[in-house]
Amino acid sequence: MTELSIGDVARRTGLSVHALRFYEREGILTTPVRRNSGGRRLYGEEHVDWLTLCTFLRASGMPLPEIRRYTELVREGRGNEAERLELMRRHQELLARQIARLGECMDLISHKVRVYEDIVSAADPGYECVGPGQVQD
């Protein structure tokens, strides 16, 4: 069994040591973190994998209470897959709406960029736009 220090896990997951301790306190780990004889935390690969998943869920906007609930369901084991599925479907739908909204935002911003590129190129005959955000003299 691999034994990783809190610093090792921080480097591998991109989370700070403070965030790792916070996740542990908040019940976001599916298995307890062991301690060595000196009281230092010993993580395993399963912790790294789980924290990586949680990092993606968090980055996608899933609130901590939902991540905690998902963790509880996983910790409970088989038999609650329908509830896990529902939790993930709700989040998937939320993400789909956010992505659609971001697409609308990108369309509007891209339109504004084209408008300003046209204005700038008309005002400066030496200005030639060769691509988004690129200028060639």
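## Helices and strands

Counting up the secondary structure of this chain gives 5 helices and 4 strands. Keep in mind that you're looking at a predicted model. If you walk along from the N terminus, the order is α-α-β-β-α-α-α-β-β. Several of the helices come back below: α1 covers 6-13 and α2 covers 17-25, while α3 spans residues 45-59 and α4 spans residues 64-76.

## Inside and outside

How much of the chain is buried? Of its 137 residues, 28% are. On the outside, the chain exposes about 9,300 Å², and 55% of that area comes from carbon and sulfur atoms.

What about contacts across the sequence? Take the ones between residues at least 6 apart: 45% of them join residues at least 24 apart.

## The largest nonpolar core

The largest nonpolar core has 22 residues. The members that touch the most others are Val9, Leu20, Tyr23, Ile28, Tyr43, Leu51 and Ile67. Helices α1, α2, α3 and α4 each put in at least two residues, and the largest share, 5 residues, comes from α3.

Leu20 is a handy one to click on. Leaving aside residues up to four places away in sequence, Leu20 touches Ile6, Val9, Ala10, Thr13, Leu15, Tyr43 and Leu51. Val9, Tyr43 and Leu51 also appear with Leu20 among the core members that touch the most others.

## Aromatic pairs

How many aromatic pairs are there? The count comes to 2. One of them is Phe22 with Tyr23, a tilted pair with 6.2 Å centre to centre and 55° between the planes. Is Tyr23 buried or exposed? Tyr23 has 6% relative accessibility, so it counts as buried, the cut-off being under 20%. Its partner Phe22 sits at 26% and is therefore partly exposed.

The other pair is Trp50 with Tyr70, with ring centres 5.7 Å apart. Why is this pair called stacked? Its planes are at 15°, and planes under 30 degrees apart count as stacked. Trp50 belongs to helix α3 and Tyr70 to helix α4, so this pair links distant parts of the chain, 20 residues apart. Both partners are buried: Trp50 has a relative accessible area of 10%, and Tyr70 has one of 13%.

## Putting it together

Helix α3 is a good place to start exploring. That helix gives the core its largest share of residues, and Trp50 in α3 pairs with Tyr70 in α4. From there, try Tyr23, which is buried, pairs with Phe22 and is one of the core members touching the most others.

Definitions and conventions. Residues are numbered from 1 along each chain as its sequence is written. This is a predicted model: local features need pLDDT of at least 70, side-chain atom pairs count only at pLDDT 80 or more; totals for chains, interfaces and linings use all residues. Side-chain values use heavy atoms; hydrogens and water are left out. Buried means under 20% relative accessible area, exposed over 50%, partly exposed in between (1.4 Å probe, protein chains only). Contact means heavy atoms within 4.5 Å. Accessible areas come from the Shrake-Rupley method with a 1.4 Å probe; for residues, only the protein chains shown count as cover. Rings of Phe, Tyr and Trp (its six-membered ring) pair if their centres lie within 6.5 Å; planes under 30 degrees apart count as stacked, over 60 as edge-to-face and the rest as tilted. A nonpolar core is a set of buried Ala, Val, Leu, Ile, Met, Phe, Trp, Tyr and Cys residues joined through side-chain atoms within 4.5 Å.
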